[in-house]
Structure formats: C-alpha cells, structure tokens
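This briefing looks at aromatic contacts, strand pairing and cysteines in one protein model. Please keep the sequence and the structure at hand while reading it.

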Amino acid sequence: MSEKKKFRFNILDVIIILVVVACVVGAAIRYSLPTKLGIVFNGQDTAVVTFYVNNMKTEAAKSSFVEGDKYFCKDFNCYLGELYNTENFVYEPHKMYNTNESGTLTVDTIDSRCDVTGYFLVKGTVDEEKGFMLNKTENLSPGEEIEVNSVNRKMQVVIMSIDLVE
C-alpha cells in the first residue's frame with residue numbers, strides 16, 4: 001500500500017512565512033507612507049548658493065566665470081548648478097598674513113591674485129532635518145568645502161550660504 005505523506009508546519013515554515021509577510025508590508029509602507037504624509041520626492045526647489053574661492057589668479061578668475069556656465073561636483077559625483085549673477089561677483093585682492101622679525105603680524109596684498117565670492121543657481125530638495133539636498137541624496141550645507149569643475153574652470157569652493165528662491 002502506498003501511504004501519502006502528510007504536510008505539517010514546523011517552526012521554520014512559520015518563520016519563513018512571517019518574514020515574507022513582513023517584507024511585503026514593509027515595501028507597501030515604504031512606498032505609500034511618504035505620499036500619505038505629503039512628502040513629494042519629485043519636487044525641486046531652486047536656491048542661490050553663495051561660494052568663496054581663495055587665492056586665484058585675477059586675470060583667469062575674471063575671464064573664466066561665465067554667466068550660465070554649468071558646474072559639476074566631484075565630491076558628490078553629480079550636476080551642481082550654473083553660475084548666476086556674475087556681474088555681482090566680488091573680486092578682492094588676496095591677502096597674505098606673515099610675521100616679521102619681531103613677531104608682529106603683517107598683511108601683504110598680492111594684486112595679481114584675488115579671492116572671489118560668487119553664486120551658483122542650484123536645484124534640489126529641502127529636508128527639514130537634513131537641510132538642502134542636492135540630487136535628493138547629498139546634503140549641501142554652509143561651511144562645506146567641495147571641488148567643482150566646468151568646461152572653463154576647476155576649483156575648490158567653500159559654501160558660504162544657501163538661500164531659497166521664492
């Protein structure tokens with residue numbers, strides 16, 4: 001006589017079923033909860049990022065900053081934004097601080113070099129906890145030093161401020 005094997009649940013079967021159910025519930029919550037809370041992932045905010053570059057050649061700085069020039073961020077490996085409002089860039093002579101023989105601090109101005117304060121127009125999202133998010137994943141914040149490049153220039157910039165455009 002042939003006997004049929006009876007299928008019986010054991011503890012391992014119950015654990016596997018619970019894990020599969022938890023994964024399905026987790027995926028459903030992950031993709032539906034943000035929309036229920038009003039979080040929009042495709043929203044893009046526009047901001048003006050003020051940056052500072054230290055010790056550049058004056059001639060090269062004034063000729064290479066072109067309105068609308070597109071910049072990419074090497075540190076974040078993504079598109080950063082474009083130069084904005086280049087006519088209002090501030091070019092200050094570079095100052096070198098030294099001490100003389102008596103130990104007194106002296107300031108020398110180098111006319112062929114300058115420090116530049118300029119502006120990028122960037123797009124990203126604003127997260128209340130993390131701040132301004134570039135490319136929805138990279139936090140861009142004041143005081144941060146990043147390497148950026150375009151067709152005309154490669155430079156290290158310090159982010160001074162981020163102001164949202166209304």
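Rings of Phe, Tyr and Trp, the last through its six-membered ring, are taken as a pair if their centres lie within 6.5 Å, and planes over 60 degrees apart make such a pair edge-to-face. The model discussed here is predicted, and by this ring criterion the count comes to 7 aromatic pairs.

**Aromatic pairs**

- The ring centres of Phe51 and Phe89 are 5.9 Å apart and their planes stand at 90 degrees, so this pair is edge-to-face.
- That contact joins distant parts of the chain, since Phe51 belongs to strand β1 (residues 45-57) while Phe89 sits in the loop between β3 (78-83) and β4 (90-99), 38 residues apart.
- Phe89 also forms an edge-to-face pair with Phe65, with 5.4 Å from centre to centre and 70 degrees between the planes.
- This second pair likewise links distant parts of the chain, with Phe65 in the loop between α2 (58-64) and β2 (70-73) and Phe89 in the loop between β3 and β4, 24 residues apart.
- Phe51 and Phe89 are both buried, and Phe65 is buried as well.
- Ring pairs connect Phe51, Phe65, Tyr71, Phe89, Tyr119 and Phe120 into a cluster.

**A charge over a ring**

- Lys62 lies over the face of Tyr91, at a distance of 5.4 Å from the ring centre.

**Strand pairing of β1**

- Strand β1, which carries Phe51, pairs in the antiparallel sense with strand β5 (residues 105-127) over 11 bridges, and within β5 the bridge partner of Thr46 is Lys123.
- Strand β1 also pairs in the antiparallel sense with strand β9 (residues 154-164), here over 6 bridges, and Val48 stands opposite Asp163 in β9.

**Cysteines**

- What is a disulfide in chemical terms? It is a covalent bond that connects the sulfur atoms of two cysteines.
- How many disulfides does the structure hold? The structure holds 0 disulfides.
- Why does Cys73 form no such bond with Cys78? The closest cysteine sulfur to that of Cys73 is in Cys78, and at 5.8 Å it is too far for a bond, given that a disulfide requires sulfur atoms within 2.5 Å.
- Is Cys73 buried or exposed? Because its relative accessibility is 2%, Cys73 counts as buried.
- Cys114 is buried too, with a relative accessible area of 2%.

Terms used
Residues numbered from 1 in each chain as written. Predicted model: local features only at pLDDT ≥ 70, side-chain atom pairs only at ≥ 80, totals over all residues. Heavy atoms only, no water. Phe/Tyr/Trp six-rings, centres within 6.5 Å; stacked < 30°, edge-to-face > 60°. Helix = DSSP H or I, 4+ residues; strand = E, 2+ residues; numbered from the N terminus. Buried < 20%, exposed > 50% of the residue type's maximum accessible area, 1.4 Å probe, protein only. Lys NZ or Arg CZ within 6 Å of the ring centre and 35° of its normal. Pairing = 2+ DSSP bridges.
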